[in-house]
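Okay, thanks for coming, everyone. Let me put the structure up, and then I'll walk you through a few spots in it.

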Amino acid sequence: MRTVSTAVARRIALAAQGFTDPRPEGEPTRRHLRRVLSRVQLFQLDSVNVAVRAHYAPLFARLGSYDPALVDDAAWSHSARRPRLLVEYWAHEASLVPVEDWPLLQSGAKRRGWWKGYQRIIDNSPSLVDDVVAVVKELGPVGAGTIERQLTGGSTRKQGAWWDRSEVKKVCEWLFAMGQLTTGTRRSFQRCYDLPERVLPPEVLARQVDPEQAARELTDRAARALGIATEPDLRDYYRLGPDVSQRAVAELVEQGSVEPVTVRGWRAQAYRHASAKAPRSVPGRALLCPFDPLIWERSRTERLFGFHYRIEIYVPEPKRAYGYYVFPFLLDGELVGRVDLKADRARGVLRVPGAFAEPGADHGRVVAELAGELRAMAEWLELDGVAVGERGALAGPLRSVLRRG
């Protein structure tokens, strides 16, 4: 069994996530989106919009400035000339995944999620399910609010039916999780439900995959995306169950798709994908949102980078160590600092309430590179500048560099 150092494992992981691919010289295109997607496999969705929504940020980290319509068109619109590339489903969490992965996620390989708690509503009100589907069939893509109005007081309300509005939304989400509805589009980030047959290609809907094969394919995708990882790391990527994941990893080892390796300093067995590369260096810089797939598994982030990271959205403000929505800063293959970010659209500035360096980081170089990336992010977000607050050792120097332009 081969043994690799943590430094080599780190470079393998960064290459697998696309950080050794050159950024486009011109305007990024759908081809560049496909390339990033082939690396990361999915984009996590999240409702937080303090700086930028989670599904846009990983592309900026890898491509630099691009038109967010590139993602919107790939996910929520389609035509004969430009077919839909992405569809929403529960993968890592709520995610945008390639349309061809829909059958894998619908196969039964994944554990049932939080929506299993809605089964009581389904059992108690089976006709409500039919009514919701009927409204979507007639009006879709349509938001839950419109469905509720139709069923609770609109012109199509059935005689005697008066459904609880919160239950209508829960049924919509249960149907989404079961694959009987999907997202046709989004309006102001509100999910608008539609029938899968109006969103997905017939060949995708027709594909049937048994759970064991789907688990192998999903685990292989996770291994490609991570490059090198423990079994729990691989399991976490698509949130598979332990037994399913362990069996899939063993089968991929037998097939030669992944290779068991030892990473110095890691307690658990590691696995390296057969396609993974170990570059000699990983130059470049990037701001990583809390939901970037490189860092979303926090224990792996600590093993790879020696970087302790927790999202502090739900921590009371006086107890936050770094801030509300903190982006780690990647520079030449290391996580060297972190910044709390907020897009103040009313005043046209990217606010940086706090800027912090990691132990041993070269403050001068980190500040210079971080200032450049913050300027690039502000321009991408169509903000006029960057305003730095007072918190953190890098705040003062960063403010000075940005003032000098």
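Before I give you a count, here's the rule behind it: a salt bridge here is a side-chain nitrogen of Lys or Arg within 4 Å of a carboxyl oxygen of Asp or Glu. And keep in mind that what you're looking at is a predicted model. Going by that rule, there are 29 salt bridges. The general idea is that side chains of opposite charge can pair when their charged atoms come close.

Let's look at some of them. Take Arg216 and Glu251, whose side chains form a salt bridge with 3.0 Å from N to O. This pair ties together distant parts of the chain, since Arg216 sits in helix H11 (residues 211–226) and Glu251 in helix H13 (residues 242–255), 35 residues apart. Arg216 is partly exposed, at 22% relative accessible area, and Glu251 is partly exposed too, at 23%.

Now, Glu231 and Arg235. They also make a salt bridge, and their closest N and O atoms are 2.6 Å apart. How far apart are Glu231 and Arg235 in helix H12? They are four residues apart in that helix, which covers residues 231–238, so about one helical turn separates them. Glu231 counts as buried, with 10% relative accessibility.

Then there's Asp344 with Arg347, another salt bridge, at 3.9 Å from N to O. Is Asp344 buried or exposed? Asp344 is buried, because its relative accessible area is 10% and the cut-off for buried is under 20%. Its partner Arg347, on the other hand, is exposed, at 61%.

And salt bridges can join up: Arg23, Arg285, Asp332, Arg365, Glu369 and Glu373 are linked in a network of them.

Okay, on to the strands. In a regular strand, side chains alternate between the two faces of the sheet. Have a look at strand E10, residues 270–273, where both faces are covered. Ala270 and Arg272 are on one side, Tyr271 and His273 are on the other, and all of these are buried.

Which strands pair with E10? One of them is E8 (residues 228–230), which runs antiparallel to E10 over three bridges. Another is E9 (residues 258–263), also antiparallel to E10, over four bridges. Tyr271 is a handy landmark here: Ala229 stands opposite Tyr271, and so does Pro260. E9 and E10 form a hairpin with six residues between the strands, and Gly265 in that hairpin has a positive phi near 95°.

Speaking of positive phi, let's move to residues other than glycine. Phe189 has a phi near 70°, and you'll find Phe189 in the loop between strand E6 (182–187) and strand E7 (190–194). Phe189 is buried, with a relative accessible area of 19%. Glu382 is not a glycine either, and its phi is positive, about 60°. You can spot Glu382 in the loop between helix H15 (363–380) and strand E15 (385–391). But Glu382 counts as exposed, at 72% relative accessibility.

One more backbone feature before I stop. What kind of peptide bond joins Gly140 and Pro141? That bond is cis, with omega about 0°. To find Pro141, go to the loop between helix H7 (126–139) and strand E5 (142–143).

That's my tour, thanks for listening!

Key
Residues are numbered from 1 along each chain as its sequence is written. This is a predicted model: local features need pLDDT of at least 70, side-chain atom pairs count only at pLDDT 80 or more; totals for chains, interfaces and linings use all residues. Side-chain values use heavy atoms; hydrogens and water are left out. Helices (H or I, at least four residues) and strands (E, at least two) are DSSP runs, numbered from the N terminus. Buried means under 20% relative accessible area, exposed over 50%, partly exposed in between (1.4 Å probe, protein chains only). Two strands pair if DSSP finds at least two bridges between them.
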